[in-house]
Amino acid sequence: MISYRIMSQEQAAKLKEIDRSEHIDLIYEMRDGKLAEISANHECPNWNEESVTELKERFLHELRNGGFAIGAFDGDRLVGFGVLAHKFRGKQHDRLQVDLMYVSRSRRRRGIGTRIMEELSAEARRRGASYLYISSTETRSAVSFYTSAGSQIADEIDEELFNKEPLDIHMIRRL
């Protein structure tokens, strides 16, 4: 039975329990405001030490600055999590970013990601946001997930986030 709990800074070490690996068959690229499909056929590996360190730093930065994290747990084991960033974005300052979101490979397509998105959306609404802003990896699995969760290509691209991840697909989800 999966339980969903607010995560604290002290739980940053648990992030390495997530198996982020996946087979990537298709990626997207933005061309003239539309998604273009590009065939891919490679395996994205699980975390290495450097990526775990970077992940923990991002997680801790958001929580230290007022962000919010929700975890999906199977007993004590973290099998999914999402982080809502603390900083409002957009011209109207009405968008909060889904900064991190992962579900372990063996647990995908079971509703865990959907529940995490619902929890992040509810928290964003409590904080006064009208939209979630998503800078999604360009993989078919990520873009398809966010689209199925009600997201669409962003009409207004956040320049700071674009400069950090220029290949990402920038999306919004109305709350």
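Which residues form one aromatic cluster? In this predicted model, the cluster is made up of Trp47, Phe59, Phe81 and Tyr102. A good way to start is with two of its members, Phe59 and Phe81. The centres of their rings lie 6.3 Å apart and the ring planes meet at 80°, so the pair is edge-to-face. That label follows because planes over 60 degrees apart count as edge-to-face. Phe59 belongs to helix α1, while Phe81 belongs to strand β5 (residues 77-89), so the contact ties together parts that are 22 residues apart in sequence. Both Phe59 and Phe81 are buried.

The count of aromatic pairs comes to four. Another pair brings together Phe145 and Tyr146, with 5.2 Å from centre to centre and 65° between the planes, and this pair too is edge-to-face. Tyr146 has a relative accessible area of 8%, so Tyr146 is buried, given that buried means under 20%.

Charged side chains offer a second set of contacts to follow. The structure holds 15 salt bridges. One of them joins Asp99 to Arg58, with the closest N and O atoms 2.9 Å apart. Asp99 sits in strand β6 (residues 95-103) and Arg58 in helix α1, so this salt bridge ties together parts that are 41 residues apart in sequence. The two partners can also be described by their accessibility. Asp99 is buried, with a relative accessible area of 13%, whereas Arg58 is partly exposed at 31%.

A further salt bridge links Asp74 with Arg107, and here the closest N and O atoms are 2.7 Å apart. Asp74 is found in strand β4 (residues 68-74), and Arg107 in the loop between β6 and α2 (112-126), so the pair connects parts that are 33 residues apart in sequence. With a relative accessibility of 31%, Asp74 counts as partly exposed.

The next example lets sequence and space be set side by side. Glu160 and Arg89 are 71 residues apart in sequence, yet their C-alpha atoms are 9.8 Å apart in space. These two residues form a salt bridge, in which the closest N and O atoms are 3.1 Å apart. Glu160 is located in helix α4 and Arg89 in strand β5, so the salt bridge ties together parts that are 71 residues apart in sequence. Helix α4 itself covers residues 159-164. Glu160 is partly exposed, at 35% relative accessibility, but Arg89 is buried, at 7%. Neither residue is limited to this one pairing as a topic: salt bridges that share partners join Lys87, Arg89, Asp158, Glu160 and Lys164 into one network.

Where do negative charges gather in a patch? Such a patch is found on the surface, and Glu50, Glu54, Glu57 and Glu165 make it up. Because patches are made of residues with no salt bridge, these glutamates stand apart from the charged pairs described above. Glu54 is placed in helix α1, which runs over residues 49-64. Its relative accessible area is 44%, so Glu54 is partly exposed.

Helix α1 thus returns in several parts of this account. Phe59 of this helix pairs with Phe81 of strand β5, Arg58 of the helix forms a salt bridge with Asp99 of strand β6, and Glu54, also in the helix, is one of the residues in the negative patch.

Conventions: Residues are numbered from 1 along each chain as its sequence is written. This is a predicted model: local features need pLDDT of at least 70, side-chain atom pairs count only at pLDDT 80 or more; totals for chains, interfaces and linings use all residues. Side-chain values use heavy atoms; hydrogens and water are left out. Patches are made of residues with over 30% relative accessible area and no salt bridge: like charges are joined within 9 Å, nonpolar side chains (Val, Leu, Ile, Met, Phe, Trp, Tyr) within 5 Å. Accessible areas come from the Shrake-Rupley method with a 1.4 Å probe; for residues, only the protein chains shown count as cover. A salt bridge is a side-chain nitrogen of Lys or Arg within 4 Å of a carboxyl oxygen of Asp or Glu. Lys and Arg count as positive and Asp and Glu as negative; His and the chain ends are not counted. The place of a charge is taken as NZ of Lys, CZ of Arg, CG of Asp or CD of Glu. Helices (H or I, at least four residues) and strands (E, at least two) are DSSP runs, numbered from the N terminus. Buried means under 20% relative accessible area, exposed over 50%, partly exposed in between (1.4 Å probe, protein chains only). Rings of Phe, Tyr and Trp (its six-membered ring) pair if their centres lie within 6.5 Å; planes under 30 degrees apart count as stacked, over 60 as edge-to-face and the rest as tilted.
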